[in-house]
Amino acid sequence: MLLVVLIMGIGTASAYKSYTIDRSKLPQESQTFLNTHFPKAKIGMIKIDKPLFRKPEFEVRLTNGQTIEFNKYGKWKEVDCKNKRVPDTIIPKNIMRYVNKNYPDVFITQIEKDSKGYEIELSDGVDVKFDLLGNFKSVDIND
């Protein structure tokens, strides 16, 4: 019985979330990213997700509905501009060249980066994956 109580206590104490609109709560690298790539954007909300025994991660929701997620080091993980164009300055040059050549009539609305590479979503719903160097890996056409 004591073991069950301890496990439940650890589970409920494992993480917390807080919310703010104060940019200064973000790591400096995240603040610089927002100022560089979204200079006129207004912050609607910052969600701070703090797992137990780890540094927090951050999700910034802009007032226009766009979201940017940052890892515990303040580096961007995902930029979702909904139906608007992701700023070209965020997109690696190899990926930009590939999209401009193969999908000239659409634009990138979302980009996600992880340890395996990049995944982008185009304005026509097509998902394209790239390795960390920006080399094409696969395409998924959403129905």
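The following paragraphs go through the sheet, the helices that lie across it, one loop and a surface patch in this predicted model.

The sheet is open and is formed by nine strands in the order β1-β2-β3-β4-β5-β6-β7-β8-β9, with antiparallel pairing. Its edge strands are β1 (15-20) and β9, each of which pairs on one side only. From one strand to the next, the twist averages 15°. In general, strands of a sheet pair through backbone hydrogen bonds, in either a parallel or an antiparallel sense. Here, β1 and strand β2 (residues 43-51) are joined by six bridges in the antiparallel sense. Within this part of the sheet, Ser18 has Ile48 in β2 as its bridge partner.

Two helices can be placed against these strands. Helix α2 (residues 28-37) lies across β2, β3 (57-62), β4 (67-70) and β5, and runs at about 155° to β4. Helix α3 lies across β6 (108-114), β7 (117-122), β8 (126-130) and β9, and runs at about 35° to β7.

The next stop is the loop between β5 (76-80) and α3 (93-102), where Lys82 is found. Lys82 has a positive phi of about 60° although it is not a glycine. As a rule, most residues other than glycine have a negative phi. Lys82 counts as partly exposed because its relative accessibility is 42%, which falls between the limits of 20% for buried and 50% for exposed.

Pro87 lies in the loop between β5 and α3 as well. Is Pro87 buried or exposed? Pro87 has a relative accessible area of 18%, so it is buried, the cut-off being under 20%. Leaving aside neighbours within four places in sequence, the residues in contact with Pro87 are His37, Phe38 and Cys81. Of these, His37 belongs to the contact list of Pro87 and is the last residue number in the range of helix α2 (residues 28-37). Pro87 and Thr109 are 22 residues apart in sequence, and their C-alpha atoms are 9.0 Å apart in space. Thr109 falls within the range of β6 (108-114), one of the strands that α3 lies across.

The last stop is the edge strand β9, which pairs on one side only. Strand β9 spans residues 136-141 and includes Ile141. Ile141 counts as exposed because its relative accessibility is 58%, and exposed means over 50%. Together with Phe136 and Val139, Ile141 forms a nonpolar patch on the surface, and the accessible area of the three residues together is about 270 Å².

Terms used
Residues numbered from 1 in each chain as written. Predicted model: local features only at pLDDT ≥ 70, side-chain atom pairs only at ≥ 80, totals over all residues. Heavy atoms only, no water. Helix = DSSP H or I, 4+ residues; strand = E, 2+ residues; numbered from the N terminus. Buried < 20%, exposed > 50% of the residue type's maximum accessible area, 1.4 Å probe, protein only. Contact = heavy atoms within 4.5 Å. Patch = residues over 30% accessible without salt bridge, like charges linked within 9 Å, V, L, I, M, F, W, Y side chains within 5 Å. Areas by Shrake-Rupley, 256 points an atom, 1.4 Å probe, with all protein chains shown as cover. Salt bridge = Lys/Arg side-chain N within 4 Å of Asp/Glu carboxyl O. Pairing = 2+ DSSP bridges. Axes fitted to C-alpha atoms, helices over the stretch in contact; angles between N-to-C directions.
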